[in-house]
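This report describes a single protein chain, moving from its overall figures to selected strands, helices and individual residues. Please keep the structure open while reading.

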Amino acid sequence: MTDRRSARETLTLVTDDSTFTELPHPVRESRPDGPLGWQGYDASRARAADRTGESESVVCGTATVGGTRAVLIAFEFGFLGGSLGERTGDRLESAYTYAREHRLPVVPLIATGGSRMQEGMIALTQLQRVARQSALTREAGLPQIAVLRDPTTGGGWATLGAGADVILALPGAQVGFAGSRVRPPDADPTAYTAEAQVAAGAADAIVEPEELRETLGSWLRLLTTPWEGQAPVPAALGATGLPTAGREETAPAAGTDAPAPTAHHAGPAQPATDSPPAPLREDTAAALGTADPTVAAQHATDSAPASPPENPAPALAETDPPATARDTAQGPRPARHPDARLPTAGRESVSPAPSATDPPATARDTAQGTRPARDPDAGLPTTGREAEQHAQSTQPSPANPSATAQDAVQHAPADSPGTGWDAVQRARSPQRPRAERYLDSYFTHRLAISGDRCGGIDAGMLCGFGERAGRAVAFAAQAGTATRPAGYRTAARLIRLADRLGVPVLTLVDTPGAANDAEAEREGAGAAVADLFGAVASARVPITTLLIGEGGSGGALALAAPGNTWATPDSYFSVIAPELATAILKRSPAQTERTADQLRVRPEDLAELGVIRTRPV
């Protein structure tokens with residue numbers, strides 16, 4: 001059990017100094033000893049009030065957290081175990097209503113044992129009231145960020161906690177639907193902890209108490225200050241000298257170190273020959289539909305991120321989008337301040353975030369007509385002089401400062417892949433930058449969500465929200481491994497959350513394919529992929545996709561935005577892996593390179609086919 005702070009001590013811990021104002025609450029006159037006439041109930045409530053100084057088990061009010069105003073709901077565990085009764089429901093309903101009327105996010109700081117026994121079914125039905133208020137707030141496009149204190153059990157966990165958009169937990173907190181007195185006597189106590197809930201994908205991160213204000217402030221800013229319009233396309237970071245068929249692999253660029261092979265990642269790709277090809281890495285072989293890592297196919301393997309290339313393509317600077325009509329509708333927001341630290345789980349600190357002015361209209365507003373929507377066919381690949389002129393006209397410059405990365409050339413190395421097999425080798429090279437490097441380059445800082453809320457997590461799918469030029473972009477990025485069902489469900493959760501909040505989405509595609517082992521089937525692989533296809537297809541906010549490595553069949557395509565998918569020179573996209581296509585066509589393994597060419601998997605080929613958006617240098 002962790003040290004239990006009171007409701008007001010917790011509010012002091014997380015809110016900016018002297019900003020908390022308690023909300024008025026409805027006054028309910030109840031019959032003696034409550035709705036059931038439970039003998040001694042009034043006396044119990046009186047003792048709880050004397051002990052805690054509170055008149056009920058929740059304290060509701062408004063405050064700023066890291067500069068962002070929010071409605072906070074703090075449970076007082078000392079008042080009858082923080083239990084929910086009829087008067088608790090009144091206060092919660094009033095607080096949620098105020099949040100919607102004033103367009104404020106909601107932060108429940110939960111510490112409760114569940115429903116109040118002395119009020120029987122009347123107490124239990126308060127969960128329905130709370131669930132409705134949470135649902136109405138969700139439909140209004142307002143974020144809900146829950147903090148799980150000790151303990152968070154029963155209906156409080158099943159409504160205010162597990163129903164939130166982002167779930168943070170204090171270390172060591174008891175968290176579970178079953179409280180300590182109603183579990184089987186032989187139940188493993190470690191299953192009912194905050195750490196276990198994070199490991200099972202039911203909560204996003206463990207946050208130390210001293211980091212809670214900063215972490216909450218970061219989340220509130222990210223979820224309430226969306227980027228205007230669609231997310232810019234990241235600059236290509238591909239290293240020069242990546243391997244191509246028919247020659248030895250080029251040494252790393254000066255000043256960089258090639259990563260050493262590990263137990264999980266094989267070494268550099270070998271030149272293609274007519275001799276039997278190198279064995280596949282085990283997880284790649286599984287993703288390609290074979291359990292035999294020695295499948296006859298020339299293969300260059302995935303690996304950890306390489307050191308940065310000597311001369312990567314520079315990222316394009318973005319200017320702060322202007323304030324819009326949404327500012328007027330929602331009222332002014334407090335000024336933001338630089339963010340110094342990030343949450344414990346999944347954080348990547350890059351540099352202090354810039355300050356920001358009033359937030360822009362949401363990306364969903366743009367997509368639905370507040371601003372003219374971008375023509376999805378604008379800037380489709382062209383060739384020759386036409387492409388050169390368009391590229392020159394859309395590069396950022398003093399004369400054209402607003403040109404975006406969508407209109408920019410994706411710069412390719414001088415030795416861009418000459419064949420389909422070259423493209424496959426480049427994408428599988430251990431020197432190629434992976435998702436982590438792209439995200440670090442793209443965002444000043446970012447926070448991760450974790451888990452599919454169905455009991456699963458996938459470390460190979462990175463999801464969350466990041467800040468770029470003072471505005472938020474959501475991201476879902478494959479990390480080069482075969483994507484598990486939990487990964488697809490987490491990405492779908494991310495996209496739906498971003499859609500509700502009006503935050504544009506960036507997706508990075510890089511996977512040999514969906515995991516296809518027996519366990520993946522038991523975990524619902526097909527349904528999970530379908531769920532992500534559906535989330536992308538139904539999103540009202542713009543989604544920008546960059547193919548940064550392997551595009552392995554439907555497991556990669558599910559994360560790609562139709563009509564707005566771009567590609568780096570170090571990538572390929574294929575209906576199926578060339579090795580498997582060769583086997584399906586009953587060709588010899590020596591024909592794998594020829595098959596790769598026929599599949600037309602290079603970025604240039606995909607552009608000509610109209611599958612991706614890119615331009616030659």
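The sections below treat the whole chain, two groups of paired strands, two helices and two individual residues.

## The chain as a whole

The model is a predicted one, and its single protein chain contains 21 helices and 16 strands. Of the 617 residues in the protein chain, 56% count as buried, and the protein chain exposes about 24100 Å², of which carbon and sulfur atoms supply 55%. When contacts in the protein chain with a separation of 6 or more are considered, 76% of them are accounted for by residues 24 or more positions apart.

## Strands E1, E2 and E3

Strand E2, which spans residues 58-65, is mostly covered, with eight of its eight residues buried. The cover extends to both faces: Val58, Cys60, Thr62 and Thr64 lie on one side, Val59, Gly61, Ala63 and Val65 lie on the other, and all are buried.

E2 is paired with E1 in the antiparallel sense over two bridges, and Thr21 stands opposite Thr62 of E2 in this arrangement. E2 also pairs in the antiparallel sense with strand E3 (residues 68-75), here over eight bridges, and Cys60 has Ile73 in E3 as its bridge partner. The hairpin of E2 and E3 has two residues between the strands, and Gly66 there takes a positive phi near 60°.

## Strands E11, E12 and E13

Strand E12, made up of residues 471-478, is likewise mostly covered, since eight of its eight residues are buried. Arg471, Val473, Phe475 and Ala477 point one way from E12, whereas Ala472, Ala474, Ala476 and Gln478 point the other way, and all are buried. The buried set therefore includes Arg471 and Gln478 as well as Val473 and Phe475, each of them under 20% relative accessible area.

Strand E11 (residues 461-468) runs antiparallel to E12 and is joined to it by eight bridges, with Cys463 standing opposite Ala476 of E12. The hairpin of E11 and E12 has two residues between the strands, and Ala469 in this hairpin takes a positive phi near 50°. With strand E13 (residues 505-511), E12 pairs in the parallel sense over four bridges, and the bridge partner of Ala476 in E13 is Thr507. Ala476 thus stands opposite Cys463 and is also the bridge partner of Thr507. Together, E12, helix H15 (residues 485-501) and E13 make a right-handed β-α-β unit.

## Helices H2 and H6

Helix H2 (residues 41-52) has 12 residues and reaches 17 Å from its first C-alpha to its last, which is close to the 16 Å expected at 1.5 Å a residue. Within H2, the residues Tyr41, Ser44, Arg45 and Ala48 are buried. These four residues lie on the same side of H2, because they cover an arc of only 95° around the axis. In general, an α-helix has 3.6 residues a turn, so residues three or four places apart point the same way.

The buried residues of H2 pack against helix H3 (86-101), while the face turned away from the buried side carries the exposed residues Arg47 and Asp50. Just after H2, Gly53 takes a positive phi of about 80°. Helix H6 (residues 154-161) is mostly covered, with seven of its eight residues buried, and these buried residues of H6 are Gly154, Gly155, Gly156, Trp157, Thr159, Leu160 and Gly161.

## Two individual residues

Are Asp17 and Thr507 buried or exposed? Asp17 is placed in the loop between helix H1 (7-14) and strand E1 (21-22), and it counts as exposed because its relative accessibility is 61%, over the 50% limit for that class. Along the chain, Asp17 and Ala63 are 46 residues apart, and their C-alpha atoms are separated by 9.0 Å; Ala63 itself is among the buried residues of E2.

Thr507, which lies in strand E13, is buried because its relative accessible area is 0%. Residues up to four places away in sequence aside, Thr507 touches Ala476, Ile543, Thr544, Thr545, Leu546 and Leu559. One of these contacts, Ala476, is also the residue for which Thr507 serves as bridge partner in E13.

Methods. Residues are numbered from 1 along each chain as its sequence is written. This is a predicted model: local features need pLDDT of at least 70, side-chain atom pairs count only at pLDDT 80 or more; totals for chains, interfaces and linings use all residues. Side-chain values use heavy atoms; hydrogens and water are left out. Buried means under 20% relative accessible area, exposed over 50%, partly exposed in between (1.4 Å probe, protein chains only). Two strands pair if DSSP finds at least two bridges between them. A crossover is right-handed if, with the strands pointing away from the viewer, the path from the first strand over the helix to the second runs clockwise. The expected span of a helix is 1.5 Å times one less than its number of residues. The arc is that of the directions from the helix axis to the C-beta atoms. Contact means heavy atoms within 4.5 Å. Accessible areas come from the Shrake-Rupley method with a 1.4 Å probe; for residues, only the protein chains shown count as cover.
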